Amino acid sequence: MSMKGRVHSFETFGTVDGPGIRFVVFMQGCPMRCIYCHNRDTWNPEGGEEYTVDEVFERLKKYISYIKFSGGGITVTGGEPTLQADFVAELFKKCKENGINTALDTSGFADVERVEKLLEFTDLVLLDIKHAVEGKHIAITGVGNEKIKKFAYYLSDKGIPVWIRYVLVPGYTDNEEDLRLAAEFIGSLKTVEKVEVLPYHAMGEEKWNKLGKEYKLHGVQPPTAQQVAHAQEILEKNLDRYPA
Ligand code: SF4
């Protein structure tokens with residue numbers, strides 16, 4: 001009997017969470033409390049549905065030829081997938097045995113000792129950097145960023161390729177000086193292949209409303225294309241690209 005994990009949902013033809021066409025698994029549960037979370041319904045670790053590793057793999061198998069032909073793979077996201085690190089490790093192991101590329105989309109808020117095994121089977125980490133300044137990180141996510149930095153340095157030391165993702169929220173994460181600090185941190189990592197600035201959008205607000213929760217960013221407008229390009233330029237400034 002293969003291991004069980006709690007899954008929020010699946011997406012069969014993802015194109016934005018790693019290279020090629022991705023089979024995307026959204027895991028249930030998250031230890032962070034991002035004020036702009038667009039997957040608010042993934043927070044509860046008891047939610048979602050239970051699946052075995054084999055059941056998830058059976059679903060993926062139907063799309064295997066598309067995935068491989070496109071140079072894609074599986075991406076496990078959330079919620080926070082490292083909360084169920086052993087399950088994801090088993091799933092990735094099975095994928096690797098079948099020649100499928102594996103990507104982990106994570107906030108990095110995880111104890112390295114708990115995820116070592118998972119990272120052995122991970123080809124690429126999509127790492128969210130929420131904010132470079134500790135106090136502001138706490139204000140936005142409810143937790144500090146020390147653990148995330150440690151996690152990032154572990155990836156760097158182990159030679160695991162990383163794509164950095166940074167959600168640009170006007171008035172919250174777009175301060176120039178803060179972006180420069182984030183760029184310094186990104187530049188200190190050795191395995192970053194690219195940086196993606198993701199413009200904030202309010203599409204998650206409806207989920208907060210449905211759950212009867214107050215959405216603190218109500219009325220905040222998405223950044224302009226120019227603001228996104230400017231942030232991108234700053235964040236990439238110190239980047240010494242790791243070969244893809
Ligand atoms: S880490 Fe992701 S899932 Fe968790 S609260 Fe933040 S945005 Fe939502």
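This tour moves from the ligand to the nonpolar core and then to selected buried residues of a predicted model.

**The ligand and its shell**

Begin by selecting the ligand. The space that the ligand takes is the largest pocket. Next, display the residues that surround the ligand: C30, M32, C34, C37, W43, G79 and K130. By class, this shell comprises 5 nonpolar residues, 1 polar residue and 1 charged residue.

**G79 and the peptide bond before it**

From the shell, select G79. This glycine is in the loop between β4 (73–77) and α3. Add G78 to the selection and examine the bond that joins the pair: the peptide bond from G78 to G79 is cis, with omega near 10°. For context, most peptide bonds are trans.

**The largest nonpolar core**

Now turn to the largest nonpolar core, which has 72 residues. Within this core, the residues that touch the most other members are Y36, I74, L119, L127 and I164. Helix α3 (residues 85–97) provides the largest share of the core, with 7 residues. In soluble globular proteins, nonpolar side chains tend to be buried together. Two of the residues just named, I74 and L127, are the next stops in the core.

**I74 in strand β4**

Select I74, which lies in strand β4. Is I74 buried or exposed? I74 counts as buried because its relative accessible area is 0%, under the 20% limit. Leaving aside neighbours up to four places away in sequence, the contacts of I74 are R22, F23, V25, L60, L91, F92, C95, I100, N101, T102 and A103. For a distance check, select the C-alpha atoms of I74 and E55: these residues are 19 apart along the chain, and the atoms are separated by 14 Å.

**I100, a contact of I74**

Proceed to I100, one of the residues in contact with I74. I100 is placed in the loop between α3 and β5 (101–106). With a relative accessibility of 1%, I100 is buried. Beyond four places in sequence, I100 touches F57, L60, I64, K68, G73, I74, C95 and D123. L60 is also among the contacts of I74, as is C95. How far apart in space are I100 and C34, C-alpha to C-alpha? The distance is 31 Å, and the two residues are 66 apart in sequence. C34 is one of the residues surrounding the ligand.

**L127 in strand β6**

Select L127 next; its place is in strand β6 (residues 124–128). The relative accessible area of L127 is 0%, and the residue is buried. Its contacts, not counting residues up to four places away in sequence, are T106, S107, G108, F151, A152, L155, V162, W163, I164 and R165. One of these contacts, S107, is 20 residues from L127 in sequence, and their C-alpha atoms are 5.8 Å apart.

**F26 in strand β2**

Finish at F26, in strand β2 (residues 22–27). F26 has a relative accessible area of 15% and is buried. Which residues does F26 touch, not counting those up to four places away in sequence? They are V7, H8, S9, F10, E11, N39, T77 and G78. V7 is 19 residues from F26 along the chain, with 6.0 Å between the C-alpha atoms. The contact with G78 leads back to the cis peptide bond from G78 to G79, and G79 in turn is among the residues that surround the ligand.

Terms used:
Residues numbered from 1 in each chain as written. Predicted model: local features only at pLDDT ≥ 70, side-chain atom pairs only at ≥ 80, totals over all residues. Heavy atoms only, no water. Near = heavy atom within 4 Å. 1 Å grid on protein atoms, 1.4 Å probe; cavity = no way out; pocket = protein on both sides within 12 Å on 5 of 7 lines; lining within 4 Å. Sits in = over half its atoms within 2 Å of the grid points. Nonpolar A, V, L, I, M, F, W, Y, C, P; charged D, E, K, R; others polar. Core = buried A, V, L, I, M, F, W, Y, C linked by side-chain atoms within 4.5 Å. Buried < 20%, exposed > 50% of the residue type's maximum accessible area, 1.4 Å probe, protein only. Helix = DSSP H or I, 4+ residues; strand = E, 2+ residues; numbered from the N terminus. Contact = heavy atoms within 4.5 Å.
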